[in-house]
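Me: I am new to this structure and would be grateful for a close look at a single part of it. Please describe one strand, its pairing and its surroundings in a connected account.

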Amino acid sequence: MKRYIIEFGMGTDFHGQDAGKAAVKAVKDAVSRSCLCGLTEVLGLEDLNQSVQIQVTVAVSRPEEVNPEEIANCLPIGQVEVKAVKGGLQVPGLFIPKFGDKDDSIEVAIAAVEVGILEP
(Lines give C-alpha, C1' and ligand atoms only; values in the text may rest on other atoms or scores of the structure.)
Protein backbone atom coordinates (compact mmCIF):
# COMPACT_ATOMS: atom_id res chain seq x y z
CA MET A 1 0.00 0.00 0.00
CA LYS A 2 1.22 3.47 -0.87
CA ARG A 3 -0.17 6.08 1.49
CA TYR A 4 -2.07 8.87 -0.21
CA ILE A 5 -3.29 10.96 2.73
CA ILE A 6 -3.29 10.92 6.53
CA GLU A 7 -5.90 12.93 8.39
CA PHE A 8 -6.54 13.29 12.11
CA GLY A 9 -9.75 13.88 14.00
CA MET A 10 -11.00 14.37 17.52
CA GLY A 11 -14.29 13.26 19.02
CA THR A 12 -15.86 13.60 22.43
CA ASP A 13 -18.64 12.04 24.43
CA PHE A 14 -19.58 14.77 26.91
CA HIS A 15 -22.22 12.65 28.64
CA GLY A 16 -22.25 8.88 28.94
CA GLN A 17 -18.49 8.30 28.90
CA ASP A 18 -18.80 6.07 25.82
CA ALA A 19 -15.39 5.51 24.22
CA GLY A 20 -17.02 3.95 21.14
CA LYS A 21 -19.17 7.04 20.49
CA ALA A 22 -16.17 9.32 20.93
CA ALA A 23 -14.17 7.16 18.48
CA VAL A 24 -16.91 7.35 15.83
CA LYS A 25 -17.02 11.14 16.20
CA ALA A 26 -13.22 11.33 15.86
CA VAL A 27 -13.24 9.34 12.61
CA LYS A 28 -16.11 11.42 11.20
CA ASP A 29 -14.19 14.56 12.15
CA ALA A 30 -11.12 13.37 10.23
CA VAL A 31 -13.16 12.38 7.18
CA SER A 32 -15.04 15.69 7.18
CA ARG A 33 -11.84 17.57 6.34
CA SER A 34 -10.84 15.48 3.33
CA CYS A 35 -11.92 15.28 -0.28
CA LEU A 36 -10.17 12.50 -2.13
CA CYS A 37 -10.99 13.67 -5.65
CA GLY A 38 -7.35 13.05 -6.62
CA LEU A 39 -8.00 9.31 -6.43
CA THR A 40 -10.05 9.51 -9.60
CA GLU A 41 -8.99 12.80 -11.19
CA VAL A 42 -5.22 12.39 -10.80
CA LEU A 43 -4.66 8.68 -10.29
CA GLY A 44 -7.49 7.53 -12.55
CA LEU A 45 -8.79 4.90 -10.12
CA GLU A 46 -12.14 3.50 -11.19
CA ASP A 47 -13.06 1.04 -8.45
CA LEU A 48 -12.39 2.80 -5.16
CA ASN A 49 -13.57 -0.19 -3.13
CA GLN A 50 -10.93 -2.47 -4.65
CA SER A 51 -8.11 0.07 -5.14
CA VAL A 52 -8.19 1.88 -1.82
CA GLN A 53 -7.17 0.68 1.62
CA ILE A 54 -7.99 2.67 4.74
CA GLN A 55 -6.25 2.09 8.04
CA VAL A 56 -7.86 3.67 11.07
CA THR A 57 -6.23 3.95 14.47
CA VAL A 58 -8.37 5.33 17.29
CA ALA A 59 -6.95 6.13 20.71
CA VAL A 60 -9.39 6.00 23.61
CA SER A 61 -9.18 5.32 27.33
CA ARG A 62 -11.00 1.97 26.96
CA PRO A 63 -10.19 0.46 23.53
CA GLU A 64 -12.32 -2.62 24.23
CA GLU A 65 -15.43 -0.42 23.90
CA VAL A 66 -14.70 0.44 20.26
CA ASN A 67 -16.72 -1.52 17.71
CA PRO A 68 -14.55 -1.85 14.56
CA GLU A 69 -17.64 -2.37 12.38
CA GLU A 70 -19.15 0.94 13.55
CA ILE A 71 -15.90 2.70 12.71
CA ALA A 72 -15.68 1.03 9.28
CA ASN A 73 -19.24 2.15 8.53
CA CYS A 74 -18.04 5.77 8.79
CA LEU A 75 -15.89 5.27 5.70
CA PRO A 76 -17.78 5.02 2.40
CA ILE A 77 -15.02 3.53 0.22
CA GLY A 78 -12.14 1.12 0.36
CA GLN A 79 -11.07 -1.87 2.34
CA VAL A 80 -11.01 -0.75 5.96
CA GLU A 81 -8.87 -1.96 8.85
CA VAL A 82 -9.57 -0.61 12.34
CA LYS A 83 -7.29 -0.68 15.36
CA ALA A 84 -8.26 0.69 18.77
CA VAL A 85 -5.41 1.54 21.13
CA LYS A 86 -5.11 2.80 24.68
CA GLY A 87 -4.86 6.58 24.75
CA GLY A 88 -7.23 9.43 24.26
CA LEU A 89 -8.08 11.60 27.21
CA GLN A 90 -10.54 11.90 30.05
CA VAL A 91 -11.19 15.28 31.63
CA PRO A 92 -13.64 16.40 34.32
CA GLY A 93 -17.05 17.52 33.11
CA LEU A 94 -20.50 17.51 34.66
CA PHE A 95 -22.28 14.59 36.25
CA ILE A 96 -25.91 14.70 35.07
CA PRO A 97 -27.53 11.27 35.45
CA LYS A 98 -30.49 12.24 33.20
CA PHE A 99 -27.97 12.56 30.34
CA GLY A 100 -26.74 8.99 30.92
CA ASP A 101 -23.62 9.92 32.84
CA LYS A 102 -21.85 7.24 34.88
CA ASP A 103 -19.47 9.81 36.36
CA ASP A 104 -18.34 13.39 35.70
CA SER A 105 -15.75 12.64 33.01
CA ILE A 106 -15.67 13.62 29.33
CA GLU A 107 -14.28 10.94 26.98
CA VAL A 108 -12.00 12.27 24.24
CA ALA A 109 -10.85 10.14 21.29
CA ILE A 110 -8.19 10.82 18.68
CA ALA A 111 -8.30 9.14 15.28
CA ALA A 112 -5.70 8.78 12.53
CA VAL A 113 -7.19 7.85 9.16
CA GLU A 114 -4.65 6.69 6.58
CA VAL A 115 -5.85 6.33 3.00
CA GLY A 116 -3.65 4.29 0.73
CA ILE A 117 -3.61 2.95 -2.79
CA LEU A 118 -3.25 -0.78 -3.24
CA GLU A 119 -0.60 -1.68 -5.75
CA PRO A 120 -1.79 -3.99 -8.55
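Reply: Strand S2 and strand S3 (residues 79–86) run parallel and are joined by 8 bridges. This description rests on a predicted model. Within the pairing with S3, Thr 57 stands opposite Lys 83. S2 also pairs with S5; these two strands run antiparallel, and 8 bridges join them. Here Val 58 has Ala 111 of S5 as its bridge partner.

The strand S2 is mostly covered, with 7 of its 9 residues buried. In general, nonpolar side chains in soluble globular proteins tend to be buried together. In this model, the largest nonpolar core has 23 residues, and those with the most contacts inside it include Ile 54, Val 56 and Val 58. At least two residues of this core are supplied by each of helix H1 (19–31), strand S2 (52–60) and strand S5 (105–117). The largest share, 7 residues, comes from H1.

Val 58 illustrates these surroundings in detail. Leaving aside residues up to four places away in sequence, Val 58 touches Ala 23, Val 27, Val 66, Lys 83, Ala 84, Val 85, Ile 110 and Ala 111. Among these contacts, Val 27 is itself listed with the residues that have the most contacts inside the core, while Ala 111 is the bridge partner of Val 58 already mentioned. Lys 83, also touched by Val 58, is the residue of S3 that stands opposite Thr 57.

Note on methods. Residues are numbered from 1 along each chain as its sequence is written. This is a predicted model: local features need pLDDT of at least 70, side-chain atom pairs count only at pLDDT 80 or more; totals for chains, interfaces and linings use all residues. Side-chain values use heavy atoms; hydrogens and water are left out. A nonpolar core is a set of buried Ala, Val, Leu, Ile, Met, Phe, Trp, Tyr and Cys residues joined through side-chain atoms within 4.5 Å. Buried means under 20% relative accessible area, exposed over 50%, partly exposed in between (1.4 Å probe, protein chains only). Helices (H or I, at least four residues) and strands (E, at least two) are DSSP runs, numbered from the N terminus. Contact means heavy atoms within 4.5 Å. Two strands pair if DSSP finds at least two bridges between them.
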